[in-house]
Amino acid sequence: MTRECAVLLPGVCAALADPRQPGLDDTCLEKLLDWFRSLTWFDPTVELVQDNPCLTELLTSVLALQDPSPSILSFTLQLAGILASSENRFQHLQQEKLLGRLFGREGPRGGAAWEDASVRSAWVKGVHSMVHHQPALLFLCSSGGMDVVFTLQGDPSLFVASAASQLLVHVLTFSLESETSKALSTKDCDWPTCAQMIVKHIQESLHSSSASHVEQSLKLLSSLFGSCFGSSYAAWTEVLWLDIAKQIESFLLEETVQAQPLLANLLLNVARSPVFCGTEGSFWALVTSALEHLTPAQAGPLAVGLLKLCKCPQDVRIQALTVLLQPMDCILRAASQPLECAGLLDESVSDPGTVESLLSSKTTCAGLLCQTLAHLEKLLSLKHLRVDVPCVSLLRSLMTILQFCNGFLSPTSPLGSTISRNLINCCRVQKSALDVLAALSEEKDCDTLLGSLFDVLLAYLQSPNTSPTVLKKTFQATSKWLVHLQELSRSNSQWQQAEKILEDVFVVLQKRLCSPCWEVRDSSLEFLTAMVKCLRGQKEFRQCLLSSEVLRLTENLLEDPESYVRASAVTAVGHLALITCFAPESPVTGNPYNKENIVAKLQEILSTDSEGFPRRAVISTFTKWLREGCTGQLEDTEQFVSRVIQTVERDLDWEVRLGGLELVEVFCSQTICQLSQCPYAPVSSAVTSSTPQKELLQVFCRAKLFGFLFASLCDCDKPVGQRACDVLVGLRGHFYPVSTLENPQEIEDSPAGRGIAWLQRTLRQGSLAQNFPMDGANGVDFQDPESMMLALGAIDLLELHDELNKSSDHVEESPQSLLQDILATVGTMEDNEVDCY
């Protein structure tokens with residue numbers, strides 16, 4: 001603790017304990033506790049309480065109050081726990097007879113204050129902070145504290161109940177960890193007293209007739225196994241599991257038990273613990289039984305978790321996958337009667353009738369399918385899946401679901417008809433199925449179904465009943481499968497099929513670009529952009545694109561009344577220009593895109609559009625063009641960049657200005673690469689004055705980069721200043737090796753020195769420097785190479801960099817400032833009641 005804080009602390013403690021003072025804001029109290037946590041974390045000695053007697057006086061004063069406010073009492077309980085976290089300070093507080101009055105039987109847990117949930121929560125948190133050494137553990141057991149914690153497990157406040165459960169996990173693990181020097185017996189009756197009490201409580205609760213007690217113990221066990229991953233936990237977690245396994249098994253078999261939903265999470269956490277690394281033992285048999293007896297909704301999360309585990313036995317893994325595929329199998333079998341194709345599964349893990357019943361019900365059908373599809377999408381995203389997914393059958397099942405949803409499939413079986421009625425126009429199932437469909441595009445062996453798949457996707461793209469959100473998902477899935485189709489057509493000459501599908505897609509796209517719904521127009525443009533990104537190198541794609549009306553329609557949408565659509569149109573036009581304007585091959589005859597016209601249109605949007613989104617899209621597009629070398633020779637690029645930044649520097653949207661700095665950064669690095677002999681090596685002092693260096697400076701000055709960069713250092717939006725500083729530091733590093741930085745005193749004596757000195761002072765003001773002048777009125781010519789060379793050498797850009805990267809609250813959030821704020825606030829509330837701030 002600093003001397004300044006030690007001086008302020010007594011006043012703060014006195015104010016906190018004074019009942020006449022108005023209550024402090026909870027945020028201030030929380031910050032104060034955080035400060036004490038940081039003080040005690042690194043220093044276990046008793047000096048903190050000995051050197052600051054005001055702390056123990058605060059605890060004593062609050063205890064002496066007749067009716068302390070809940071917030072002050074809560075603060076006091078947590079502070080006492082934090083102070084007692086080291087054995088030395090614990091003993092000191094015990095000698096003062098404070099801990100028993102706070103956490104023992106004579107404390108607030110027996111009084112009226114205990115009715116307040118914040119006080120109960122603070123008591124638990126205080127005990128949790130305190131129990132980090134043996135004396136605190138013994139105090140908790142001997143003072144009846146464990147029974148209080150057991151009771152609080154069922155507290156009506158979820159925050160209190162959760163904190164109590166976490167405390168029990170901590171006490172059990174800590175009490176057993178502290179006995180590691182002794183050879184712990186494999187019997188829990190030889191464990192420390194606290195651990196025995198918790199285990200006994202768990203066993204009694206599991207056998208209780210009270211459903212809430214059973215539920216509390218299952219949650220506690222789940223947290224316990226979920227937090228015990230190290231091998232040091234293996235011995236006693238195994239003993240604990242063997243004590244409760246039979247009871248857990250009985251819960252699985254009793255279908256009426258309300259605790260069943262919690263069993264999946266418990267078994268998964270046990271499976272992740274180090275005890276069951278082998279494939280032998282009764283545990284995996286119990287897991288198999290759970291997959292069989294839990295409902296599909298309960299078994300799904302368990303199945304996904306097991307499939308992610310590398311140590312799960314293969315037979316259990318196969319059963320877990322079967323659980324996830326059962327609803328998909330049921331859909332496939334219900335689609336046709338008799339079966340025209342095999343289902344997904346040869347046999348089921350649980351009764352197929354259960355799944356059929358859930359899918360037949362209007363209330364459960366969509367929920368079960370959405371959950372199953374979410375699990376399957378998660379599964380397909382795994383890089384190393386240790387089980388084979390039947391992708392072809394899964395794809396067929398997904399197409400069936402999508403056809404049920406839009407009414408394009410009329411099943412003949414009674415079950416199929418019922419499911420179809422349940423799913424008609426169900427958007428959430430459609431979106432989930434399309435997500436899995438998109439994920440399947442990464443898998444192999446689905447090629448035989450490509451024709452049927454695109455029929456389904458095109459039906460969704462064409463249908464007027466497809467909602468905008470489902471259409472967006474359809475576009476995303478279609479673009480992924482188009483990429484797959486193009487890769488396939490290259491390898492096995494299926495280009496005719498690919499060309500026909502692309503033609504159909506462009507016909508639909510043209511229609512959707514003219515939709516009266518702006519979300520549809522926006523999704524269509526995003527889809528077009530995605531296709532151009534992935535397929536612009538394919539001849540068939542370019543031909544279909546250039547022979548369609550898509551180019552004209554996209555250009556028209558640059559004037560759309562909706563700003564989101566205009567922004568998406570800008571991005572699409574920017575990508576299309578890579579094919580139509582900047583492609584190395586000759587443009588196709590009749591191409592409506594003209595390079596000069598497109599650039600002029602986008603520049604007009606950048607300078608005149610009233611919304612930020614389109615302007616951001618333009619600057620992003622220009623930067624992309626620059627990166628890809630689309631802006632021509634150096635002279636053309638220089639003029640292009642100059643025009644853009646002169647527009648951007650006046651923009652009121654900080655993200656547009658930030659985009660302008662990114663454009664400048666790309667331009668600088670490309671110009672350095674073109675004009676320097678060895679662009680990636682540090683420049684030696686001998687080369688510093690060479691012609692390429694002078695030419696570089698001349699290019700940057702002609703493009704008016706420096707005025708923009710130095711003005712951006714004073715931008716009122718911090719990210720802009722930070723990015724500008726990064727660019728200038730990079731340029732300074734290129735023009736000045738570390739050893740040859742200019743001497744500031746010599747510079748000040750030079751003709752341009754006064755201007756550079758003014759610039760240095762102005763930059764130190766940062767965003768307070770209003771109306772940064774770039775016209776040379778203060779003796780700084782931002783277009784003069786020699787002046788800019790001097791500025792780069794003299795101005796301490798690294799100091800500016802540090803200042804810009806400092807957190808804005810680096811002063812305000814200091815402990816000293818916090819204590820000063822508390823002292824300024826306490827007792828002055830009446831005077832400031834009308835202060836709206």
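Let's start in a loop: K97 sits between helix 6 (87–95) and helix 7 (99–103). Its backbone has a positive phi of about 60°, although K97 is not a glycine. Is K97 buried or exposed? With a relative accessibility of 62%, K97 counts as exposed, because the cut-off for that label is over 50%.

N425 makes a good companion to K97. N425 is not a glycine, yet its phi is positive, at about 60°. You'll find N425 in the loop between helix 22 (414–423) and helix 23 (427–440).

**The whole chain**

Keep in mind that this is a predicted model. The average pLDDT of the chain is 84, and 85% of the residues score at least 70. Some stretches do worse. Over residues 678–689 the pLDDT stays under 50, and the model gives this stretch 16 contacts beyond four places in sequence. Residues 828–837 also have a pLDDT below 50, but this stretch has one contact beyond near neighbours in sequence.

What is the chain built from, helices or strands? The count is 43 helices and zero strands. Of the 837 residues in the chain, 53% are buried. How do the contacts spread along the sequence? Take the contacts between residues at least 6 apart in sequence: 71% of them join residues at least 24 apart.

**Helix 30 and its partners**

Now zoom in on helix 30, which covers residues 563–580. One partner is helix 32 (residues 612–627), whose axis comes within 8 Å of the axis of helix 30. The two axes cross at roughly 15°, so helix 30 and helix 32 are roughly parallel to each other. The crossing of helix 30 past helix 32 is right-handed.

Which residues of helix 30 and helix 32 make the contact? On the helix 30 side they are S563, Y564, R566, A567, V570, T571, G574, H575, A577 and L578. Helix 32 brings in F613, P614, A617, V618, T621, K624 and W625. Sorted by class, this contact has 10 nonpolar, five polar and two charged residues.

Helix 28 (residues 539–546) is another partner, and its axis and that of helix 30 come within 11 Å. These axes cross at roughly 110°, which means that helix 28 is roughly perpendicular to helix 30. Why does that angle earn the label? Because angles of 65 to 115 degrees count as roughly perpendicular.

The way helix 28 passes helix 30 is a left-handed crossing. From helix 28, the contact uses F541, R542, L545 and L546, while helix 30 supplies L576, I579 and T580. By class, that gives five nonpolar, one polar and one charged residues.

**Just past helix 32**

E628 has its place in the loop between helix 32 and helix 33 (634–648). What does E628 touch, leaving aside neighbours within four places in sequence? Its contacts are R536 and L578. L578 should ring a bell, since it is also one of the helix 30 residues in the contact with helix 32. With a relative accessible area of 35%, E628 is partly exposed.

**Residues brought together by the fold**

Two more residues are worth a visit. A15 is part of helix 1 (residues 3–17). Its relative accessible area is 12%, so A15 is buried. Not counting residues up to four places away in sequence, A15 touches Q21 and V826.

G226 belongs to helix 13 (residues 211–227). At 22% relative accessibility, G226 counts as partly exposed, because buried would need a value under 20%.

Here is how A15, G226 and E628 each pair up with a residue elsewhere in the chain, with distances taken from C-alpha to C-alpha:

| Pair | Apart in sequence | Apart in space |
|---|---|---|
| A15 and L58 | 43 residues | 9.3 Å |
| G226 and L267 | 41 residues | 9.9 Å |
| E628 and F582 | 46 residues | 9.6 Å |

Try finding these pairs in the structure. For E628 and F582, for example, look for two C-alpha atoms separated by 9.6 Å, in residues 46 apart along the chain.

Definitions and conventions
Residues numbered from 1 in each chain as written. Predicted model: local features only at pLDDT ≥ 70, side-chain atom pairs only at ≥ 80, totals over all residues. Heavy atoms only, no water. pLDDT = per-residue confidence, 0-100. Contact = heavy atoms within 4.5 Å. Axes fitted to C-alpha atoms, helices over the stretch in contact; angles between N-to-C directions. Helix = DSSP H or I, 4+ residues; strand = E, 2+ residues; numbered from the N terminus. Parallel < 35°, antiparallel > 145°, perpendicular 65-115°, else oblique. Left-handed = near helix turned anticlockwise from the far one by under 90°. Nonpolar A, V, L, I, M, F, W, Y, C, P; charged D, E, K, R; others polar. Buried < 20%, exposed > 50% of the residue type's maximum accessible area, 1.4 Å probe, protein only.
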